[in-house]
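This briefing concerns a single structure and is addressed to a structural biologist. Please view the sequence and the coordinates together while reading.

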Amino acid sequence: MNRAPASIWRNPIHFLAFGLGSGAAPFAPGTFGTLAAIPFFWLLSWLPLSLYLLVVLVATAVGIWLCGRTSRDLGVHDHSGIVWDEFVGYWITMAAVPFSWEAALWGFVAFRIFDVIKPWPIRTIDRRVAGGFGIMLDDIVAGIYAWSIIHLWLWLY
């Protein structure tokens, strides 16, 4: 387990990359990061879908830079505390999903399963794509997989 560096509390770039500090959790920082993304999903869910998607696109672009910069500063490819990618992956999972606590929970579970298990090509991306883009991309794909499951669930029920 990687310890959270003290710089996350002093450096605003690190603070954002560490999911507003949620990635500093002493265990399961990805899970805590995803949990921290839920209230933001609630706020985003009030937006029209086009604006929601624009926010997610901007958060993705900013995340590539944030995660890459923080990774370089810390000298670690993908520090476990960098969880901005979990924020974005979860928001992708929840795109076009009407807010309810039940949906938020199902989205959380679906995203965490894909993020942890890393089915093809997520594991390959995680191992072979470097920098901020690589940090973000595996969670983007996990979010797309989880989005598919959530929308299948919504369609069936």
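The points below cover salt bridges and a nonpolar surface patch.

The model under discussion is predicted. A search of the whole structure finds 5 salt bridges. Glu86, Arg112, Asp115, Lys118 and Asp138 are joined into one network by salt bridges that share partners. A nonpolar surface patch of about 600 Å² is also present.

**Glutamate 86 and arginine 112**

- A salt bridge connects glutamate 86 with arginine 112, and the closest N and O atoms of the pair are 3.9 Å apart.
- This pair links distant parts of the chain, as glutamate 86 belongs to helix α4 (residues 84-93) and arginine 112 to helix α5 (residues 101-117), 26 residues apart.
- Glutamate 86 counts as buried because its relative accessibility is 7%, a value under the 20% cut-off.
- Arginine 112 has a relative accessible area of 12% and is therefore buried as well.

**Arginine 112 and aspartate 115**

- Arginine 112 also meets aspartate 115 in a salt bridge, with an N to O distance of 2.6 Å.
- Both residues lie in helix α5, 3 residues apart, which is about one turn of the helix.
- Aspartate 115 is buried, as is arginine 112.

**Lysine 118 and aspartate 138**

- The side chains of lysine 118 and aspartate 138 form a salt bridge at 3.4 Å, N to O.
- Lysine 118 is located in the loop between α5 and α6 (122-128), whereas aspartate 138 is located in helix α7 (residues 131-156), so the pair ties together parts that are 20 residues apart in sequence.
- Lysine 118 and aspartate 138 are both buried.
- The network of salt bridges with shared partners includes lysine 118 and aspartate 138 together with Glu86, Arg112 and Asp115.
- In general, side chains of opposite charge can pair when their charged atoms come close.

**The nonpolar surface patch**

- The residues that make the patch are Leu16, Leu20, Phe40, Trp42, Leu43 and Trp46.
- Helix α2 (residues 29-44) gives the most to this patch, with 3 residues.
- Tryptophan 42, one of the patch residues, lies in helix α2.
- Tryptophan 42 counts as partly exposed because its relative accessibility is 38%, and partly exposed residues fall between the cut-offs of 20% for buried and 50% for exposed.
- The 38% of tryptophan 42 also satisfies the requirement of over 30% relative accessible area for patch residues.

Definitions and conventions
Residues numbered from 1 in each chain as written. Predicted model: local features only at pLDDT ≥ 70, side-chain atom pairs only at ≥ 80, totals over all residues. Heavy atoms only, no water. Patch = residues over 30% accessible without salt bridge, like charges linked within 9 Å, V, L, I, M, F, W, Y side chains within 5 Å. Areas by Shrake-Rupley, 256 points an atom, 1.4 Å probe, with all protein chains shown as cover. Salt bridge = Lys/Arg side-chain N within 4 Å of Asp/Glu carboxyl O. Helix = DSSP H or I, 4+ residues; strand = E, 2+ residues; numbered from the N terminus. Buried < 20%, exposed > 50% of the residue type's maximum accessible area, 1.4 Å probe, protein only.
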